[in-house]
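Colleague: I should like to learn how to read the packing and the empty space in a protein model. Could we take the features one at a time, with the general idea before the case?

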Amino acid sequence: MSEDEKSPPRRKMVRLPTAGTAAGRGMGTKMKTADDKSMSSQQWIKRQLADKWSERARAEGWRSRAAFKLMEIDDRLGLIRPGVRVIDLGAAPGGWVQVALKRGAKAVVGVDLLMIEPIPGAELIQADFTHAGVDQQLIDALGGAPDLVLSDMAHNTIGHRQTDHLKIIALIEIAAEFALRTLKPGGHFVTKNFQGGDAGGVLAELRANFRDVKYIKPASSRKDSSEVYLVALDRNQTR
Ligand code: SAM
């Protein structure tokens, strides 16, 4: 039986382990309250639902659960046509690269701060995309302008709301600027975004330069996360 099929833990009074813990040394035995138990059950259920996608990814040979997010976006909007050239920003461990190749991309270049294990058919570069010259390195590796720019870049949050927010917006802006500058006419751009994130300036810029801009929250994106994807369709003919 898989983890997902198992029943949630039964609700019964639980005696917390006390031996060797501060709570156990002369402080008596502490019992969990009904609220504690109901919270841990809820967390257990949430984790199981989230893990369902990771388990499925492992079973199907995808490197990350993120693969399902791109598949759903592509199923809905038809971004990955056979023969397209794709640049994937923040590509590790490589789920989106796998999806792009599987769905017929003829060239895929991925970049990440982290090393990505090789994927046949893809060029994978370890670099900080925000560093000078990395954008041109990607275009050179692709051998020309992309039809599709994907960005799932996310920084490690530090827990300070405003700082984290500024970092998120900075990554979205730099990815959008790259997409606007390099995409072929008719090309598409996908970027991770966060609900409540003020991507206002970027949004206006994308709306002015693409036929349509949509927000998508894939089913495989954690329900309790504010993550959404911003998809800009059909780059205008401007150059
Ligand atoms: N789409 C990927 C997949 O399908 O496997 C998952 C991407 S993961 C959510 C986000 C990635 O963004 C991390 O691996 C992180 O290292 C990368 N990242 C964050 N900032 C970056 C930057 N400045 N340059 C390159 N990669 C970056």
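Modeller: Let us start with the nonpolar cores, bearing in mind that this is a predicted model. In soluble globular proteins, nonpolar side chains tend to be buried together. Here the largest nonpolar core has 31 residues, and those with the most contacts inside it are Leu-89, Leu-138, Phe-189 and Leu-206.

Colleague: Which elements each supply at least two residues of this core?

Modeller: They are β1, β2, α4, α5, α6 (200-209), β6 (210-216) and β7 (227-235). The largest share, eight residues, comes from α5. Apart from this core lies another, of 29 residues, among them Trp-62, Leu-70, Ala-91 and Ala-100.

Colleague: What does Phe-189 touch, not counting residues up to four places away in sequence?

Modeller: Phe-189 touches Val-149, Ala-175, Ala-176, Ala-179, Leu-183, Leu-206, Phe-210, Leu-230, Val-231 and Ala-232 on that count.

Colleague: How should one read the buried residues of a helix?

Modeller: An α-helix has 3.6 residues a turn, so residues three or four places apart point the same way. In α4 (residues 134-142), the buried residues are Val-134, Leu-138, Ile-139 and Leu-142. Seen down the axis of α4, these buried residues fall within an arc of 145°, so they line one face of the helix. The cover over them includes β1 (85-89), β2, β3 (122-126) and α5. Just after α4, Gly-143 takes a positive phi of about 80°.

Colleague: How many of the residues of α3 are buried, and which are they?

Modeller: Six of the eight residues of α3 are buried, and the helix is mostly covered. The buried residues are Gly-95, Trp-96, Val-97, Gln-98, Val-99 and Ala-100. Gly-104 follows α3 and has a positive phi, near 105°.

Colleague: Is Ser-151 buried or exposed?

Modeller: Ser-151 has a relative accessibility of 2% and so counts as buried, the cut-off being under 20%. This residue is found in strand β4 (residues 148-151). Leaving aside neighbours within four places in sequence, Ser-151 is in contact with Leu-89, Trp-96, Ala-175, Val-190, Thr-191 and Lys-192.

Colleague: How does one then read the space that the atoms leave empty?

Modeller: Rolling a probe the size of a water molecule over the atoms shows where empty space is left. The structure holds one cavity of 30 Å³ or more, and the largest cavity has a volume of about 60 Å³. Ser-151 belongs to its lining, together with Met-153, Ala-154, His-155, Ile-168, Leu-171, Ile-172, Thr-191, Lys-192 and Phe-194. The elements giving two or more residues to that lining are α5 and β5. By residue class, the lining of the largest cavity divides into six nonpolar, three polar and one charged.

Colleague: What volume does the largest pocket have, and which residues lie nearest its centre?

Modeller: The volume of the largest pocket is about 1,100 Å³. Its lining has 40 residues, of which Asp-152, Met-153, Ala-154, His-155 and Lys-192 lie nearest the centre.

Colleague: Which elements each supply at least two residues of the lining of the largest pocket?

Modeller: They are α2 (66-77), α3 (95-102), β2 (107-112), α5 (161-182) and β5 (188-194). The largest share of this lining, five residues, comes from α5. The lining of the largest pocket comprises 15 nonpolar, 15 polar and 10 charged residues.

Definitions and conventions:
Residues are numbered from 1 along each chain as its sequence is written. This is a predicted model: local features need pLDDT of at least 70, side-chain atom pairs count only at pLDDT 80 or more; totals for chains, interfaces and linings use all residues. Side-chain values use heavy atoms; hydrogens and water are left out. On a 1 Å grid over the protein atoms alone, a cavity is a set of points where a 1.4 Å probe fits but cannot get out, and a pocket is an open set with protein on both sides within 12 Å along at least five of seven lines; lining residues have an atom within 4 Å of a point. Grid points are joined across faces, edges and corners, and a volume is the space filled by probe spheres set on the points. Helices (H or I, at least four residues) and strands (E, at least two) are DSSP runs, numbered from the N terminus. Ala, Val, Leu, Ile, Met, Phe, Trp, Tyr, Cys and Pro count as nonpolar, Asp, Glu, Lys and Arg as charged, and the others, Gly among them, as polar. Buried means under 20% relative accessible area, exposed over 50%, partly exposed in between (1.4 Å probe, protein chains only). The arc is that of the directions from the helix axis to the C-beta atoms. Contact means heavy atoms within 4.5 Å. A nonpolar core is a set of buried Ala, Val, Leu, Ile, Met, Phe, Trp, Tyr and Cys residues joined through side-chain atoms within 4.5 Å.
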